[in-house]
Structures are given as structure tokens and as C-alpha cells.
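This report addresses the cysteine pairs and selected helix contacts of a protein chain. The sequence and the model are shown first.

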Amino acid sequence: MRDYDELISFLGEWGPFQRLIFFLLSASIVPNGFTGLSIVFLAGAPEHRCRLPPSANLSREWLNASIPREVQGGREGPSRCRRYRLESLANFSALGLQPGRDVDLSQLEQEKCLDGWEYSRELYLSTIVTEWNLVCEDDWKTPLTTSLFFVGVLIGSFISGQLSDRFGRKNILFATMAVQTGFSFVQIFSTSWEMFTVLFLIVGMGQISNYVVAFILGTEILGKSVRIIFSTLGVCIFFAIGYMLLPLFAYFIRDWRMLLLALTVPGVLCVPLWWVIPESPRWLISQGRFKEAEIIIRKAAKTNGIVAPAMLFDSTEMQDMKLQQQQQKAYILDLFRTRNIAVITVMSLLLWMLTSIGYFGLSLNTPNLHGNVFINCFLSAIIEVPAYVIAWLLLRTLPRRYSISGTLFLGGGVVLFIQLVPTDFHILSVFLVMLGKFGITSAFSMLYVYTSEIYPTIVRNMAVGATSMSSRVGSIIAPYFVYLGAYDRYLPYILMGSLTVLIGILTLFLPESYGNPLPETFDQMLKVKGFRNRQHTNHVRSSKETEDSKTQITPL
């Protein structure tokens with residue numbers, strides 16, 4: 001029985017049909033680029049200090065001295081969360097006493113910001129932080145907002161993987177795009193932090209989910225030689241383009257509601273793609289829907305100006321495929337059905353999760369870097385373009401395991417080195433962060449290709465969805481790695497660098513898929529490195545013991 005790649009070989013690799021699918025599916029990824037990291041600007045925390053009520057009867061000197069000084073990030077500045085007790089300051093002002101000369105400020109009693117905060121408008125006109133005062137005692141709500149978004153992505157990754165295996169790639173692709181765009185628009189009208197966060201969670205359910213389904217759809221439609229280009233220079237670079245648009249939009253639109261509206265509009269432009277992007281013929285064949293698959297393949301041949309064979313599927317081949325699919329119905333537990341598959345799945349889950357922590361930790365930490373937040377975010381986005389190009393070159397020429405492991409070692413090692421950089425060397429620190437982001441991003445982009453190559457068709461999308469779900473667990477944790485920087489600015493880098501190097505070592509034990517055809521069945525899956533040898537050794541040992549037993553029994 002022929003495999004799918006052999007079946008459609010007459011179409012060619014890079015005709016008008018393939019080019020159309022390549023660019024349309026890649027373009028559908030652009031909204032994901034800015035939606036996933038929009039929280040960097042939507043929840044931007046500008047400089048702030050305690051607000052003094054208009055009724056405060058203080059002299060100019062006491063107004064200027066009403067906020068205690070403290071060291072923040074190695075620099076001294078006004079406290080963000082405390083002020084001197086207003087009643088005491090009013091008494092000193094009424095008596096004509098001078099701060100610092102007549103009154104020792106270090107001995108004065110302090111209190112919380114009982115009248116709210118004053119926010120600098122240098123960077124932002126408004127964010128959800130300034131809208132709902134997510135600072136000081138409530139600053140924990142900001143990383144929680146980001147984490148709950150990724151909780152939504154986790155749920156969406158899990159659900160969309162199974163639904164697209166059951167109901168089709170195209171249907172779930174556009175359903176998740178509708179969820180992302182529709183609820184992002186509703187978010188604009190949020191009246192509280194709680195409402196914003198719940199809607200943000202739902203947006204997350206559609207965000208990376210349609211990324212995964214679009215990736216799988218392109219992987220299954222396009223030929224083998226184009227598949228790698230699509231998954232790196234196609235999907236990933238268009239994601240980076242969306243990411244690069246984010247600081248551009250945020251620079252010109254400083255109000256969070258208007259920024260969110262601007263980021264929602266591109267999603268609407270994807271609606272007409274429904275009438276152009278087809279269902280995956282490979283998935284239709286796996287479901288036994290041969291006539292629908294044949295219509296799409298013949299339409300592709302017509303688009304490419306190629307005459308399709310008179311008969312694409314013979315009756316014997318169709319019967320064999322139907323019998324095969326009846327014998328292999330996919331469920332999530334199939335990812336653990338044998339020891340080898342279970343080991344591959346567990347290692348893949350860890351690989352995705354820890355790589356995700358590094359990627360999103362460095363991406364979300366850009367506002368804390370020295371310099372302009374918009375430039376830093378743009379640098380963080382544009383560094384992904386060469387990372388994807390390098391990933392594409394590595395996937396073309398080197399084994400997957402060594403490529404992924406090498407880039408993880410680069411990213412993790414550089415991030416670990418940041419703690420050794422002197423505090424005054426700001427440019428070097430930013431450079432190392434970007435270099436670390438380069439390595440981790442390159443590895444992250446290769447994971448999609450690698451995972452799709454080691455799992456068979458019947459559970460391929462489920463496997464990518466499950467491992468992507470694992471990466472969302474990492475992205476849920478990542479905001480709290482960034483949050484640790486408030487206590488020690490090097491601690492996030494130490495943790496992220498160590499975990500990245502660790503998973504780089506683990507990657508070397510996974511099977512190698514380079515140069516092998518996509519598996520169609522579970523029996524065609526590759527073995528974990530050393531696993532086959534151990535099984536062979538055990539088999540030889542058992543055979544030898546049997547022969548020894550026979551040798552001992554024969555003389556009797």
C-alpha cells in the first residue's frame with residue numbers, strides 16, 4: 001500500500017497550489033505573534049508613587065518630602081508603595097518646620113498609599129495596571145493575568161488537538177481563530193480586572209491552538225521538501241512578524257483599550273481564508289473519506305496545471321486503508337501505549353515545557369531590561385528571524401537531536417553567563433539576553449518539526465497538541481520566573497539557564513527522525529536511543545539462557 005507522499009508525488013513540490021497554501025497558512029499566524037505577548041504592553045507598569053489628596057494642607061517643602069526614598073534595582077528613588085504619615089506631615093507643615101533640618105525623616109512613621117497612586121505618563125497613557133491599580137499589595141495580579149492567559153492556551157492546546165483529529169484540521173483552525181479574535185474584541189469593554197482576566201483566558205484558548213492546527217494542516221498538505229521550510233521560514237517567521245508589529249503598535253497607541261482594538265483588526269482579515277484553505281487530504285484519508293480527499297487532490301492538480309491520474313485510489317488500497325483505520329482509532333492514552341512510546345512522550349513533554357519557560361521568560365522580561373522598552377521588545381522579536389533561518393539550515397543539514405541540543409546549550413549557557421556581567425555593562429547584558437533568546441527560539445521552532453516527524457499520522461496532531469500543552473505549563477510558570485527578578489535580578493537567569501542546559505542534555509537520548517519518512521502507524525515509530533540495544537541485549541541474554549538450559553538437560 002502506497003503512503004500519502006507517494007500518492008501525491010505527481011503534484012510536484014512547489015507548484016501554485018503549494019505556494020498558495022504556504023503563504024495563506026503562514027499569514028494566518030501573524031495575529032498569534034502579537035496576541036501572545038501583548039500583555040507586555042497591556043499590563044505595563046509605569047513609574048508610580050503615592051497620591052496625595054488635594055485636601056492635604058502641606059507646604060511645598062513637605063509635598064516634595066512626603067515620599068520616602070528607597071533603593072530599587074540598584075538605583076535610589078521615591079518609594080512606590082509607601083508615604084510618610086499624612087497627619088504628621090500636616091502638623092509639621094503647620095508649625096513651619098523644615099524637612100531634614102528640623103525633622104529627621106528617617107524617624108517618621110510611614111503608611112500605605114491610602115489615596116491611590118500617581119502614574120508616570122511618559123511611556124503609557126493607560127494600562128490595566130494603571131486602570132485597576134495592580135501595584136504594591138496587588139502586584140501579584142499582573143503575573144497571574146499572564147499565567148491565566150497561558151492556562152487558556154493550555155486548555156485550548158489540549159482540546160484543539162483532539163478535536164482536530166476528530167472533526168478536521170480546517171474546522172478547528174477557523175473555530176480557534178474566531179475565539180481569539182472575538183473575545184479579544186470583547187476584552188476592550190472590560191470593567192474590572194476579573195472580567196479582563198477571564199476573557200483573556202478564553203482568548204488564550206484560541207491563540208496557540210490555531211497556531212498548532214495551522215502547522216499540522218500545512219505539514220500534512222505540503223510535500224516533504226517544503227515541509228521544513230513551512231515550519232521554520234514560513235509559520236515561525238510570520239509569527240515573528242506579528243511579534244515585531246506589537247512594539248510598533250504599542251509605540252503609537254499608548255492606551256491599552258485602543259491598542260487591543262488595533263491588535264484585533266488583523267484577525268478579521270483572516271475570515272476570507274475559509275473559502276481558500278482546504279481540509280487536509282491526509283486527514284481525510286485517515287478517516288476513510290476518500291472521495292473528499294480525491295476532490296481536493298484533483299483540484300490541486302488543476303491549480304498546478306497537472307493532469308491527475310485517472311484513478312488515485314484503487315479498491316484494494318481503499319479497503320486496506322479502511323481496515324487499517326478501523327484497527328487504529330486514536331485516543332490520548334495511545335501516546336503511552338507501549339514502553340517506547342511512553343518514554344518518547346514523557347521526554348517530549350519535558351523538552352517542550354522547559355524550552356517554553358526559557359522562551360517566554362526572556363520574552364516577558366523585556367520591560368525589565370535596561371533601555372527603551374519598545375526597542376527592547378522589537379529586538380526580542382527581530383532576533384527570532386535569524387533564529388528561524390538558522391533552525392531551517394540546521395534541519396536541512398544536521399540530525400534533529402544535535403541541532404536542538406546544540407541551540408539549547410547555546411541559549412542556556414549564555415543566559416547563565418549574564419550573572420557574571422558587571423552591573424554597569426548594560427549593553428552587554430542586553431546582548432547576552434538576545435543571544436540566549438536566539439538559541440532558545442531556534443530550538444523551540446525545531447520542536448514542531450521534530451515532534452510531527454516521530455509520531456504517526458493517526459495521533460500526530462494529538463501528540464503536537466499534547467506537547468504544546470506541556471509547553472503551556474512552562475509558559476504558565478514563566479511569568480513567576482520574571483517576578484522573581486524583584487527579589488534578585490539574576491535569579492530568573494540562573495534558573496532559566498540551568499533548566500535549558502539540562503533539557504539540552506536530555507534531548508540527546510531521543511530518537512533521530514532525520515532522513516526518515518513520516519510514520520503512518522505506531523509500529524513505524526522510532527526507538528529511544530539505547531532502547532533498541534537494551535531490548536536486543538535482553539533478547540540475546542534470554543536466548544543464551546535457553547540454550548544453556550538445553551545444554552544442561554541434554555545429557556540426562
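Val415 has a relative accessible area of 1% and is therefore buried. The structure is a predicted model, and every value below was computed from it. Val415 belongs to helix 19. When neighbours within four places in sequence are set aside, the contacts of Val415 are Leu362, Gly436, Tyr493 and Gly497. Val433 stands 18 residues from Val415 along the chain, and the C-alpha atoms of the two are separated by 6.3 Å.

**Helix 19 and helix 20**

Helix 19 comprises residues 400-417 and helix 20 residues 426-454; their axes come within 8 Å and cross at roughly 155°. Because angles over 145 degrees count as roughly antiparallel, helix 19 is roughly antiparallel to helix 20. The crossing of the two helices is left-handed. On the side of helix 19, the contact involves Arg400, Arg401, Ser403, Ile404, Thr407, Leu408, Leu410, Gly411, Val414, Val415 and Phe417. Helix 20 contributes Leu432, Leu435, Gly436, Phe438, Gly439, Ile440, Ser442, Ala443, Met446, Leu447, Tyr450 and Glu453. Sorted by class, the residues of this contact are 14 nonpolar, six polar and three charged. Val415 and Gly436, already named as a contacting pair, both appear among the residues of this contact.

**Disulfides**

A disulfide is a covalent bond between the sulfur atoms of two cysteines. How many disulfides does the count come to? The count comes to two disulfides, and with bonded cysteines counted along the chain their pattern is 1-3, 2-4.

One disulfide joins Cys50 to Cys113. The torsion about its S-S bond is about -60°, so the disulfide of Cys50 and Cys113 is left-handed. Cys50 lies in strand 1 (residues 48-50), whereas Cys113 lies in the loop between strand 5 (110-112) and strand 6 (117-119); the pair therefore ties together parts 63 residues apart in sequence. Cys50 and Cys113 are both buried.

Cys81 and Cys136 form a disulfide as well. The torsion about the S-S bond of Cys81 and Cys136 is about -95°, so this disulfide is also left-handed. This pair links distant parts of the chain, 55 residues apart: Cys81 is in the loop between strand 3 (75-78) and strand 4 (82-84), and Cys136 is in the loop between helix 7 (128-132) and helix 8 (141-167). Are the two cysteines buried or partly exposed? Cys81, at 25% relative accessibility, counts as partly exposed, whereas Cys136 is buried with a relative accessible area of 12%.

The sulfur separations and torsions are set out below.

| Disulfide | S to S | Torsion about the S-S bond |
|---|---|---|
| Cys50 and Cys113 | 1.8 Å | about -60° |
| Cys81 and Cys136 | 2.0 Å | about -95° |

**Further buried residues**

Cys270 has a relative accessible area of 7% and is therefore buried. Cys377 likewise counts as buried, at 0% relative accessibility.

Ser184 is located in helix 9 (residues 169-187). With a relative accessible area of 6%, Ser184 is buried. Which residues does Ser184 contact, leaving aside its neighbours within four places in sequence? Under that condition, Ser184 is in contact with Val203, Leu260 and Thr264.

Methods: Residues numbered from 1 in each chain as written. Predicted model: local features only at pLDDT ≥ 70, side-chain atom pairs only at ≥ 80, totals over all residues. Heavy atoms only, no water. Axes fitted to C-alpha atoms, helices over the stretch in contact; angles between N-to-C directions. Helix = DSSP H or I, 4+ residues; strand = E, 2+ residues; numbered from the N terminus. Parallel < 35°, antiparallel > 145°, perpendicular 65-115°, else oblique. Left-handed = near helix turned anticlockwise from the far one by under 90°. Contact = heavy atoms within 4.5 Å. Nonpolar A, V, L, I, M, F, W, Y, C, P; charged D, E, K, R; others polar. Disulfide = S-S within 2.5 Å. Buried < 20%, exposed > 50% of the residue type's maximum accessible area, 1.4 Å probe, protein only.
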